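Reader: I should like to go through this model and ask on what grounds its features are named as they are. May we take one part at a time?

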Amino acid sequence: MANKLKDRLMARTANLAEKVEAAAADRPSIADQRPMTMPGQLGAFRLEAQRYQRQIDELAAELEKARKSGAVIEIPLDLLVEVPGRRRALTPEQKIELRENLRHNKLTHPITVRPLPDGRFEVISGHNRTDQYRELRRDKISAVPIEMSDAEASASAFYANLLQSDLSDYEKFVGFQDLLERTGKTQAEIAADSGISENTLSRLMAFVDLPPTAIEIIRTVPHCIGSSAVSQLGAIAREGKADAVLNAVKALAEGRVTQDAAVRMARDGEVRVKATRPTPVSIKSGKTTYCTVIAANKTLRIDFKTEEARAAVEEAVKKILSEFAAGDR
DNA sequence: CATAGAGTAGGGTAAATTCG
DNA sequence: CGAATTTACCCTACTCTATG
C-alpha cells in the first residue's frame, strides 16, 4: 500500500548518488604533470611555488563547486540551519533505532543541504539524522549541497518526507495543496513531478470538499481516513449532504465504523456498525453437538465432530446438492 | 505453524464529466 | 473543442479469525 508510493519515489531518486559521482568524475583532474626540472634552484622553486598555487586555486574552486551542488562534503554541525515545520516526527523507538544505527554505522545517505549566502547551510532533508549526530556529539556530517530556490527547497523537503515516512493521507493532502498553490502547476504536473498518479492526487485533493468541522476532527486523528473514502465523502458533501458527511467522519474518528461503512452511512443513511461475522449454528444430537454450520456470503461450511460423521453424510449432501443444481428442488 | 475465507483499504485503468 | 479532473469499476494486498 503506502509503500508502493514509497517504492516509486525511491526509484526516482535511487541513482542520485551515481549521478553525483558521475558528474564528479567528469571534472578535469587536479593532478598535473610534474614539470621538468629547470637549471638553477631558484627557477625550480618558483615553478614549484606556481604549481602549488595553481593547485590551491583549483582546490578552492573545486570546493566552491562542491559547495554549490553535487559532491558530498563534510559540514560542521554548527553551520547547519533548520527551517521549522519540516521535521518528520519519529516515534521514540524510531529515534533510538536511528541513533544506534548511526552510532555503529557510517551515514549511508548523506543529508541534503542548501548553501545560504552567509556561508551556512539550510537542512533540506535529514533533520533527524542531524539531531542524532548532535546527540552522539559528532562535529561533522556528510552532506550533499544543492543550489535551489526557497520554493524548490520546500518542495524537496516535502517530497523527501513523502517518500520516507508514513504520512497520513491528510498530511499528504496538506503538502500537495501547498505545492499546488505555490507553484501554480496543475494537478497533472504535480502528479508527474512526485511520481504519484493523477487519480491518486485527485482523490487526495478531495479533502477540500469536506466540511471544515470534519477537517478539524481529521486533524486530530489523521490516520482514520484514507484518500479512497475521502474522495467519496467529498463527492457526497458536494451534493449538499455536509451533515451526513460530518457524522460519518465523527464515527470514523471514534473508530466505530470502517471507512467503507462511513461512506455508506453518509450516502444512504445506512448505519451498520463494523463487520458482522457470521455466527456458527450448532446442530445437536441430544445434548452433544453433531456439527456446526456457518454461512457467509457464498460459502456454507459444515464442521463435524469426527471424520466418520463427515463420511456418513457426504454422499447424501452431494446428492441433495446435485438435485438443487439440476433445479429439482 | 499453515491454510482458508471474509472483510477492508489502497490504488490502477479507462471512461465520464467538468473546466477554460 | 481539448485539457484537466473525477469517478466507476475492478484487482490486489493485507489483516483477522477459525481451524487443522
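Author: In this predicted model, β3 and β4 form a hairpin with five residues between them. In the turn, Gly119 has a positive phi of about 95 degrees.

Reader: How do you know that β3 and β4 pair?

Author: Two strands count as paired if there are at least two bridges between them. β3 and β4, residues 121-125, are joined over four bridges in the antiparallel sense, so the criterion of at least two is met. Within this pairing, Arg114 has Glu122 of β4 as its bridge partner.

Reader: What makes β5 a partner of β3?

Author: Three bridges join β3 to β5, residues 140-145, and these strands run parallel; the requirement of at least two bridges is therefore satisfied. Ile111 has Ala143 of β5 as its bridge partner.

Reader: Why is β3 called mostly covered?

Author: A residue is buried if its relative accessible area is under 20%. Five of the five residues of β3, 111-115, are buried. Ile111, Val113 and Pro115 point one way, Thr112 and Arg114 the other way, and all are buried.

Reader: What makes the approach of Gln187 to DNA strand C a polar contact?

Author: A polar contact is a pair of N or O atoms within 3.5 Å. A backbone N or O atom of Gln187 lies 3.0 Å from a phosphate oxygen of DNA strand C, so this pair qualifies. For Ala188, a backbone N or O atom also lies 3.0 Å from a phosphate oxygen of that strand. In the case of Arg238, a side-chain N or O atom is 3.1 Å from a phosphate oxygen of DNA strand C.

Terms used
Residues are numbered from 1 along each chain as its sequence is written. Chains are lettered from A and ligands numbered from 1 in the order in which they are written. This is a predicted model: local features need pLDDT of at least 70, side-chain atom pairs count only at pLDDT 80 or more; totals for chains, interfaces and linings use all residues. Side-chain values use heavy atoms; hydrogens and water are left out. A polar contact is a pair of N or O atoms within 3.5 Å; within protein, one must be able to donate a hydrogen and the other to accept it, and residues adjacent in sequence count only if both atoms are side-chain atoms. Buried means under 20% relative accessible area, exposed over 50%, partly exposed in between (1.4 Å probe, protein chains only). Helices (H or I, at least four residues) and strands (E, at least two) are DSSP runs, numbered from the N terminus.
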